[in-house]
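Subject: Structure handover

Hello,

Here is the structure I said I would pass on. Please open it and keep it beside you while you read the notes below.

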Amino acid sequence: MIITLTANPSLDRTVELPGALARGEVQRAVAVHQESGGKGVNVSRALVASGLATLAVLPGADSDPVLSGLHDGGVPFAALPIGQALRSNVTLTEPDGVTTKINEPGPELSGEQQEALIGLLLERSRGASWVVLAGSLPPGVPADFYATIARRLRSNADGTAAPSIAIDSSGAPLAAALVGDAAGKPDLLKPNAEELAELAAAAGFTNVSTADELEADPAKAAEAAAAVVASGVGAVLATLGSKGAVLVTADGAWFATHPPIKAVSTVGAGDSSLAGYLLAATQGGSAQDCLRQAVAHGAAAASLPGSTVPAVHQTTPDAVTITALQKDSQ
């Protein structure tokens, strides 16, 4: 069982435009897609599509459109009522794959609600193989929320094996994953290139590059990820957009690429990559197997409209090429 926590879920509305976005002009949409979203929710949706047992933990009332969408989509969930409507996000996609996102901040969670959400997660994650802590944090929630949960999950194990923990976030919540003792650090971090640059700088990597440079140079991306692993994180799966992905662990570093695809929407592609990694990991796959399925899932997601997630039969892992890399960091 894989449990996901989405502290700031959303109703994701994707609008497909017939041409380039024209600011200040009136444009008619070609199509509109609506899905329950948020990073953890998207991971659970992708796991359900591939037949893997999962549970999405999130705030929200049963009548909220986000939870109604999960129910209609057959995604198991456990929700904490908070007496407020969840946020809505809007994504504009252009024919060449360019994506523009407008994300609302979400409802504020009080200290009591935060503690109740953690309690719900601890209760439902007993016996889980993985817990995914994903997405932005709503107003009122401290940046170290995910690190605090990681410590609580491990102390809550009561002599049994604690679940492996993955974090996929950005900004301050992601940086907080590198601060403090080992108990608060994840077994897996899933940054994109921009987030990897920020993480590497926070980990003391002196040869910091921009996101564009990391996407263009997988060896440098591996060095940056190795600096993050050296700080106490178990592994880093860094997605590099259309260039592929890099996986770095204490045992090695690998770069994976997929043949070019026609990108329809990149919304949720990174979340699908994480789902692909977890799918292979729960089946006992090697690090390379996990990376291969992650890239296959991400490519498949980018070829689908809106925030549609692929099932494993829609992915092409055999088409993925993996290259071993050096992971030395400065």
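The notes below cover a sheet, a pocket and a pair of helices.

Please bear in mind that this is a predicted model.

The sheet

Start with the open sheet, which is built from four strands in the order β3-β2-β6-β7. Its pairing is mixed. On average, neighbouring strands in this sheet are turned by 20 degrees against each other, if direction is ignored. Which strands stand at the edges? They are β3 and β7 (99-103), and each has a single partner strand, so one side of each is left without a neighbour in the sheet.

The partner of β3 is easy to follow. Strand β2 (residues 10-16) and β3 run antiparallel, and seven bridges join them. To see one pairing, look at Asp12, whose bridge partner in β3 is Glu35. Helix α2 packs on this sheet, where α2 touches both β2 and β3. The direction of α2 makes about 95 degrees with that of β3.

The pocket

Glu35 also turns up in the second largest pocket, as one of the residues closest to its centre. The others closest to the centre are Ser36, Arg45, Gly69 and Gly73. The volume of this pocket is about 220 Å³, and 14 residues line it. Which elements each supply at least two residues of the lining? These are β3 (31-37), α1 (39-49) and α2 (65-72). Sorted by class, the lining has seven nonpolar, five polar and two charged residues.

The helix pair

Further along the chain, look at helix α9 (residues 269-282) and helix α10 (residues 287-302). They pack at an angle of about 145 degrees, and their axes are 7 Å apart. The crossing of α9 past α10 is right-handed. On the α9 side, the contact residues include Ala269, Ser272, Gly276, Tyr277 and Leu279. On the α10 side, Asp289, Cys290, Gln293, His297 and Ala301 are among them. What classes do the residues of this contact divide into? Ten are nonpolar, six are polar and one is charged.

Regards

How values were computed
Residues numbered from 1 in each chain as written. Predicted model: local features only at pLDDT ≥ 70, side-chain atom pairs only at ≥ 80, totals over all residues. Heavy atoms only, no water. 1 Å grid on protein atoms, 1.4 Å probe; cavity = no way out; pocket = protein on both sides within 12 Å on 5 of 7 lines; lining within 4 Å. Points joined across faces, edges and corners; volume = space filled by probe spheres on them. Nonpolar A, V, L, I, M, F, W, Y, C, P; charged D, E, K, R; others polar. Axes fitted to C-alpha atoms, helices over the stretch in contact; angles between N-to-C directions. Left-handed = near helix turned anticlockwise from the far one by under 90°. Contact = heavy atoms within 4.5 Å. Pairing = 2+ DSSP bridges.
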